[in-house]
Amino acid sequence: MKLLIINGPNLNMLGVREPEIYGKTTFSDLEKMIALHCEKIGVEADFYQSNHEGALVDRIQQAYGNVDGIVINPGAYTHTSIALLDAVKAVGIPTVEVHISDPDLREPFRKVSYIRAACVATIKGRGVKGYLEAVDLLIAEARHAD
Ligand code: CA2
């Protein structure tokens, strides 16, 4: 089983600014934490982060036929990008949307998620451990489908 963990714009700034919203874990520690979790449960994980919408679309397309599940935090593109929604729909790979904060409890413009319509689940407001929950959920889904 192979998973792809995608992070969108500005998430590479984790731990550097706004710790009151996103916590103190750095982006590099976040990726290490997910890698360790995946290693423990015997799942292969690839990581990708970009601040560019088209690059994120390209990476999702490359996943077609190569990965069994995607965990994605699309950052602010959550609230704007039909292109990411279409990419996830196009590849048909089970995808979980993750948000460190709970966008529903923040500014009104964060209430919309375009990508949600193509995702099997959304995990929000759980801090960085939400990524681990997303991994576990995808594994449970895959086992259920077997
Ligand atoms: O809560 C989340 O994970 C978000 O996806 C984060 C996005 C935001 O636009 C979404 O509404 C909710 C923003 C990511 C920016 O990350 C930063 C991290 C540290 C410092 C500054 C930005």
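Is Ile82 counted as buried, partly exposed or exposed, and at what relative accessibility? In this predicted model, Ile82 counts as partly exposed because its relative accessible area is 46%, a value that lies between the limits of 20% for buried and 50% for exposed residues.

Ile82 belongs to helix H4, which comprises residues 82-91. On the surface, Ile82 joins Val112 and Tyr114 in a nonpolar patch. Together, the three residues of this patch contribute about 250 Å² of accessible area. The relative accessible area of Ile82 is consistent with membership of the patch, because patches are made of residues with over 30% relative accessible area, and Ile82 has 46%. A further spatial relation involves Lys111, which is 29 residues apart from Ile82 along the chain. The C-alpha atoms of Ile82 and Lys111 are separated by 15 Å.

The model also contains an open sheet of five strands. The strand order is E2-E1-E3-E4-E5, and the pairing is parallel. Strand E2 (44-49) and strand E5 (121-124) form the edges of the sheet, each pairing on one side only. From one strand to the next, the twist averages 20°.

At one edge of the sheet, strand E5 pairs with strand E4, which spans residues 95-99. The pairing of E4 and E5 runs in the parallel sense and extends over four bridges. Within this pairing, Thr122 in E5 is the bridge partner of Glu97.

Note on methods
Residues numbered from 1 in each chain as written. Predicted model: local features only at pLDDT ≥ 70, side-chain atom pairs only at ≥ 80, totals over all residues. Heavy atoms only, no water. Patch = residues over 30% accessible without salt bridge, like charges linked within 9 Å, V, L, I, M, F, W, Y side chains within 5 Å. Areas by Shrake-Rupley, 256 points an atom, 1.4 Å probe, with all protein chains shown as cover. Salt bridge = Lys/Arg side-chain N within 4 Å of Asp/Glu carboxyl O. Helix = DSSP H or I, 4+ residues; strand = E, 2+ residues; numbered from the N terminus. Buried < 20%, exposed > 50% of the residue type's maximum accessible area, 1.4 Å probe, protein only. Pairing = 2+ DSSP bridges. Axes fitted to C-alpha atoms, helices over the stretch in contact; angles between N-to-C directions.
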